[in-house]
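Take a moment to look over the protein below before reading on, and then follow the text from one part of the chain to another.

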Amino acid sequence: ACIAHEECSPTPARARRREGSRPTTPRPSPIGIAGSASSRQTSGMPTWTFLRHGQSVANVEGWIAGHLDAPLTALGEQQAVAARRELIPPLPARAVCSDLRRAHHTARLLLAEQSIPLIVSPRLRERHCGAWQRRSTQAIVADPDRRQCLASWTQRPPRGESLLDVALRAVGWLSTIADSTQ
């Protein structure tokens with residue numbers, strides 16, 4: 001997933017969206033962004049805005065990508081470009097994303113007209129789904145035990161990660177970024 005980091009902004013991200021605007025990207029691959037380093041800083045608390053990559057080949061073909069490098073479709077590229085309209089001042093101080101092509105390409109397209117630094121890390125990858133990667137999403141979720149495993153905070157797919165594993169990995173890395181700004 002693609003993530004934008006805002007430094008100490010007192011305004012909630014959803015309140016900074018242009019008056020009357022609506023998200024411009026359809027499901028299943030929404031992209032949106034708001035936020036920034038603000039001259040109106042009122043607290044030392046950083047704000048993070050999390051974004052999803054544009055539509056990928058895995059989304060269209062209906063398989064679980066996890067750590068596999070599924071590229072964006074043409075629509076996914078269009079979604080990333082369209083999301084630029086959501087980049088309104090004050091802009092993020094920096095952006096971070098995983099090294100997977102779908103996240104990295106989304107971030108580069110989104111930020112193409114901005115001078116916002118982009119930090120790329122494999123620790124920001126989405127959930128590793130182990131043996132279920134490249135398998136049909138529909139077939140996996142049709143099985144109640146597998147569906148429960150994917151929804152569980154602590155259960156892992158065979159040779160994969162739990163949601164807790166992902167959270168610890170990503171938050172651990174993000175905390176090093178947050179600490180570096182203080």
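**A walk through the model**

In this predicted model, a good place to begin is proline 158, which sits in the loop that connects helix H5 (144–151) to helix H6 (163–179). Proline 158 has a relative accessibility of 39% and therefore counts as partly exposed, since that class lies between the limit of under 20% for buried residues and that of over 50% for exposed ones. If its neighbours within four places in sequence are left aside, proline 158 is in contact with Cys129, Gly130, Ala131 and Trp132. The C-alpha atom of proline 158 is separated by 9.9 Å from that of histidine 128, although these two residues are 30 residues apart along the chain.

With that loop in mind, we can turn to the whole protein. It has six helices and four strands, and, read along the sequence, these elements follow the pattern β-β-α-α-β-α-β-α-α-α. Among the contacts in the protein with a separation of 6 or more, 70% are accounted for by residues 24 or more positions apart. Of the 182 residues in the protein, 44% are buried.

A second loop, between strand S2 (47–51) and helix H1 (57–61), holds glutamine 55. Is glutamine 55 buried or exposed? Its relative accessible area is 13%, and because this is under 20%, glutamine 55 is buried. The side chain of glutamine 55 is joined to the side chain of threonine 73 by a polar contact of 2.7 Å.

The next step leads to a pair of helices. Helix H2 (residues 74–82) and helix H3 (residues 101–111) pack with their axes 7 Å apart and at an angle of about 40 degrees. H2 is therefore oblique to H3, and the crossing of the two helices is right-handed. On the side of H2, the contact is made by Glu77, Ala80 and Val81, while H3 contributes His105, Thr106, Leu109 and Leu110. Sorted by character, the residues of this contact divide into four nonpolar, two polar and one charged.

Finally, how much of H3 is covered? This helix is mostly covered, for eight of its eleven residues are buried. The buried residues of H3 are Arg102, Ala103, His105, Thr106, Ala107, Leu109, Leu110 and Leu111. The reader can compare this list with the contact described above: His105, Thr106, Leu109 and Leu110 belong to the contact with H2, and these residues of H3 are also buried.

Technical notes
Residues numbered from 1 in each chain as written. Predicted model: local features only at pLDDT ≥ 70, side-chain atom pairs only at ≥ 80, totals over all residues. Heavy atoms only, no water. Buried < 20%, exposed > 50% of the residue type's maximum accessible area, 1.4 Å probe, protein only. Polar contact = N/O pair within 3.5 Å; in protein donor to acceptor, adjacent residues only side chain to side chain. Axes fitted to C-alpha atoms, helices over the stretch in contact; angles between N-to-C directions. Parallel < 35°, antiparallel > 145°, perpendicular 65-115°, else oblique. Left-handed = near helix turned anticlockwise from the far one by under 90°. Contact = heavy atoms within 4.5 Å. Nonpolar A, V, L, I, M, F, W, Y, C, P; charged D, E, K, R; others polar.
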